[in-house]
Amino acid sequence: MNLDDFIIKFSTTTEDQKKAIFSTLFIAGNKLQTLFDHHIPELSLKQFMLLSIIKQFKEPFTFTQLGNLMGCSRQNIKKLANLLTKKGFITIQQSPCDTRAMCIYPTKKVTTYFENDFLKYQKELSYLFEVYTEPEIESLFILLSKLYTGIENLEKKTTNAIQKSEKGAINK
């Protein structure tokens, strides 16, 4: 099955389109990670995303906060952070707000990387969006932002269902 077959197969009903959207999110994520990991040296896509967040927000984040933002566990962030520390991109220090938490701070290497090394790949990444018009990009941005609300809804509903199931098992 090629991409055109996939689109045709899942375009007939709203239910099929929901399945296709869900599948597409997974497939697109895998394809982007494979492209990035094989094409851009020194950093994996996950490491790059962590650095991008740290660079954009400027304030220090804890492992837990970054895990929540990136949709992964605190332990996964800690593994990424340890690798980035070894590569000289970040330092890990105690949080100024909570002595039990550790925060990630960018080093000058992050600025140098984004201003010099990454510029080579910036143009290539723009190829991803050159197939869209500006209004389509705006619509896609709005819809993907709304997807986060759907994901939060899914998390809430599945967490509630699990908690109800566990309470039912305890009461038996």
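**Close-up 1. Surroundings of Q47 in helix 3 of the predicted model.** Q47 lies in helix 3. The residue counts as buried because its relative accessibility is 5%. Leaving aside neighbours within four places in sequence, Q47 is in contact with E42, L80, L83, L84 and K87.

**Close-up 2. Packing of helix 2 against helix 3.** Helix 2 spans residues 14-39 and helix 3 spans residues 45-57. Their axes are 9 Å apart, and the packing angle is about 90°. Helix 2 is therefore roughly perpendicular to helix 3. On the side of helix 2, the contact involves L32, Q33, F36 and D37; from helix 3 come L45, K46 and F48. Sorted by class, this contact has 4 nonpolar, 1 polar and 2 charged residues.

**Close-up 3. Packing of helix 3 against helix 6.** Helix 6 is formed by residues 108-117. The axes of helix 3 and helix 6 are 11 Å apart and meet at an angle of about 105°, so the two helices are roughly perpendicular to each other. Helix 3 contributes F48, L51, S52 and K55 to the contact, while helix 6 contributes V110, Y113 and F114. The classes represented are 5 nonpolar, 1 polar and 1 charged residues. F48 of helix 3 is also among the residues that meet helix 2.

**Close-up 4. The open sheet and the helices packed on it.** The sheet is open and consists of 3 strands in the order 1-3-2, with antiparallel pairing. Strand 1 (61-62) and strand 2 (90-94) are at the edges. Each of these two has a single partner strand, so one side of each is left without a neighbour in the sheet. Strand 2 pairs with strand 3 (residues 102-106) in the antiparallel sense, over 5 bridges. Within this pairing, T91 has Y105 of strand 3 as its bridge partner. Helix 3 packs on the sheet and touches strand 1, strand 2 and strand 3; the direction of helix 3 makes about 85° with that of strand 3. Helix 5 (residues 74-86) also packs on the sheet, touching strand 2 and strand 3. The direction of helix 5 makes about 125° with that of strand 2.

**Close-up 5. Surroundings of C103 in strand 3.** C103 is placed in strand 3 and is buried, with a relative accessible area of 2%. Not counting residues up to four places away in sequence, C103 touches P60, F61, T62, T91, I92, Q93, S95 and P96. One of these contacts, T91, is 12 residues from C103 in sequence. The C-alpha atoms of C103 and T91 are 8.3 Å apart.

**Close-up 6. Cysteines without disulfides.** A disulfide is a covalent bond between the sulfur atoms of two cysteines. A search of the whole structure finds 0 disulfides. For C72, the closest cysteine sulfur is that of C103, at 16 Å, which is too far for a bond. C72 counts as partly exposed because its relative accessibility is 25%. C103 is in no disulfide either. The cysteine sulfur nearest to that of C103 belongs to C97 and is 7.0 Å away, whereas the cut-off for a disulfide is 2.5 Å.

Terms used: Residues numbered from 1 in each chain as written. Predicted model: local features only at pLDDT ≥ 70, side-chain atom pairs only at ≥ 80, totals over all residues. Heavy atoms only, no water. Buried < 20%, exposed > 50% of the residue type's maximum accessible area, 1.4 Å probe, protein only. Axes fitted to C-alpha atoms, helices over the stretch in contact; angles between N-to-C directions. Helix = DSSP H or I, 4+ residues; strand = E, 2+ residues; numbered from the N terminus. Parallel < 35°, antiparallel > 145°, perpendicular 65-115°, else oblique. Contact = heavy atoms within 4.5 Å. Nonpolar A, V, L, I, M, F, W, Y, C, P; charged D, E, K, R; others polar. Pairing = 2+ DSSP bridges.
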